[in-house]
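Here's a quick walk through the fold, starting from one strand and working outwards. Keep the 3D view open while you read.

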Amino acid sequence: MDFLCEIVQALVALAVLAVIVVLIMAHVTAGKVKLTRHEKEKYFPTATGDKELFPSLHDPHSRELSVVVPAYNEELRMPVMMEEAMEYLENRQKQHPSFTYEVIVVDDGSKDKTTEVAMGYTRKYGADKVRVLTLVENRGKGGAVRMGTLSSRGKVILMADADGATKFSDLNKVEAGLNGLDSKPEDMAIACGSRSHLEKDSVAERSMFRTFLMYGFHFLVWFFCVRGISDTQCGFKLFTRQAALKTFSSLHVERWAFDVELLYIAQRLKIPIAEVAVNWTEIEGSKLVPVWSWLQMGRDLVFIRLRYITGAWKLQEPQKTD
């Protein structure tokens, strides 16, 4: 009996030691919010090749909608998404001339012709409607979305993936979700596209191992960070300008788990969030490496919560990028 007690005590001691080590690692390895941008990233090229300075999210809005499209090596998949988006936006503007928009394609340090493909739309529609922000180095999807958002002019700001997996016309649904929230008094609200209604069908097509990883990820999201939202990872999210300013100013994670930290920040700030079912199709060519990326995201989820608990990360007051 005494031997069993000693074993239990040893296991408890090891567990406590492991928790302490993880807390220390989370605190020591915590990075800061990366709002600094390279000098070249402060400007966008016009259709004629001139350079103009990007505006700031801190400025008053001058467009109804900004669409931020993060793109890494997307020369092949992006045209389908851009054609659909531009057709929708142009038709909407014809029907409602007061509607104004911009699309900001953020080339996240691509090694292919992503910037050249995106510039084709600038030449076709003009730099007032399509702007290209080329990052000098790869920051990760979260870093790309943040840089594009901080350079936007919209009253509301849509994050949309370059692969076109979400039907762009579902913007109507997401807008309705946003408008249905009480954004007063600070005009802060977020509407998230959701694929959770498609989960049963997707599980039937996945291997047992990938299904286990998916449910494990959902559990970690719920346990450590975000509750009440079924799908944190859908790349179709709509923010009011003030909500974008507040959340992106505090964002630390720049890789795959950035959506979770954004929503964690939003819930900490008590920003209203709507979840809206959208049409979604899996597109070949995903940059997500099934097992390794899930493990990275799992690690990030644990560290997000621990870093805020230990005070290594704190909610930031919005600051302009350098």
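## Starting from V68

V68 stands opposite M159 in β6, and on the β4 side the bridge partner of V68 is I104. Bear in mind that this is a predicted model.

V68 belongs to strand β3, residues 63–71, and that strand is mostly covered, with 8 of its 9 residues buried. Its pairing with β6 (residues 154–160) is parallel and runs over 5 bridges. Its pairing with β4 (residues 101–107) is parallel too, over 7 bridges. Another matched pair to look for there is L65, which stands opposite Y101 in β4.

**The sheet**

Zooming out, which order do the strands of the open sheet follow? There are 7 strands, arranged as β5-β4-β3-β6-β8-β7-β9, and the pairing is mixed. The edges are β5 (130–134) and β9 (273–277), each of which pairs on one side only. On average, neighbouring strands in this sheet are turned by 20° against each other, direction ignored.

At the β5 end, β4 and β5 pair in the parallel sense over 5 bridges. Two spots to click on: V103 has V130 as its bridge partner in β5, and V106 stands opposite L133 in β5.

Here are the parallel pairings described so far, side by side:

| Strand pair | Sense | Bridges |
|---|---|---|
| β3 and β4 | parallel | 7 bridges |
| β3 and β6 | parallel | 5 bridges |
| β4 and β5 | parallel | 5 bridges |

β4 deserves a closer look: 7 of its 7 residues are buried. Both faces are covered, with Y101, V103, V105 and D107 buried on one side and E102, I104 and V106 buried on the other. Note that the list takes in D107 and E102.

**Helices around it**

Two β-α-β units share β4. One is made of β3, helix α2 (residues 78–95) and β4, and it is right-handed. The other is made of β4, α3 and β5, and that unit is right-handed as well.

How do α2 and α3 (residues 114–125) sit against each other? They pack at an angle of about 20°, with their axes 11 Å apart. Angles under 35 degrees count as roughly parallel, so α2 is roughly parallel to α3. Their crossing is right-handed. On the α2 side the contact residues are M78, P79, M82, E83, M86 and E90, and they meet T114, V117, A118, Y121, K124 and Y125 of α3.

E90 turns up again in another set of contacts. K129, in the loop between α3 and β5, touches E90, Q93, Y101, E102 and V103, leaving aside residues up to four places away in sequence. Is K129 buried or exposed? It's buried: the cut-off for that is under 20% relative accessible area, and K129 has 18%.

Two more helices pack on the sheet. For helix α4 (residues 141–149), the strands touched are β3, β4, β5 and β6, and the helix direction makes about 155° with that of β3. Helix α5 (residues 171–179) touches β3, β6, β7 (190–194), β8 (236–240) and β9, and its direction makes about 40° with that of β8.

**Backbone oddities**

Most residues other than glycine have a negative phi, and most peptide bonds are trans. With that in mind, a few places are worth a look.

The loop between α5 and β7 holds P185, and the peptide bond from K184 to P185 is cis, with omega near 5°. D187 is found in the loop between α5 and β7 too. D187 has a positive phi of about 55° although it is not a glycine, and at 37% relative accessibility it counts as partly exposed.

K270 is another non-glycine residue with a positive phi, this time about 60°. It lies in the loop between α9 (258–268) and β9. How accessible is K270? At 72% relative accessibility, K270 counts as exposed.

**The whole chain**

For the overall tally, the protein chain has 10 helices and 9 strands. Of its 322 residues, 47% are buried. Among contacts with a separation of 6 or more, 82% come from residues 24 or more positions apart.

Conventions: Residues are numbered from 1 along each chain as its sequence is written. This is a predicted model: local features need pLDDT of at least 70, side-chain atom pairs count only at pLDDT 80 or more; totals for chains, interfaces and linings use all residues. Side-chain values use heavy atoms; hydrogens and water are left out. Buried means under 20% relative accessible area, exposed over 50%, partly exposed in between (1.4 Å probe, protein chains only). Helices (H or I, at least four residues) and strands (E, at least two) are DSSP runs, numbered from the N terminus. Two strands pair if DSSP finds at least two bridges between them. A crossover is right-handed if, with the strands pointing away from the viewer, the path from the first strand over the helix to the second runs clockwise. Axes are lines fitted to C-alpha atoms, for helices over the stretch in contact, and angles run from 0 to 180 degrees between N-to-C directions. Contact means heavy atoms within 4.5 Å. Angles under 35 degrees count as roughly parallel, over 145 as roughly antiparallel, 65 to 115 as roughly perpendicular and the rest as oblique. A crossing is left-handed if the near helix is turned anticlockwise from the far one by less than a right angle, and right-handed if clockwise.
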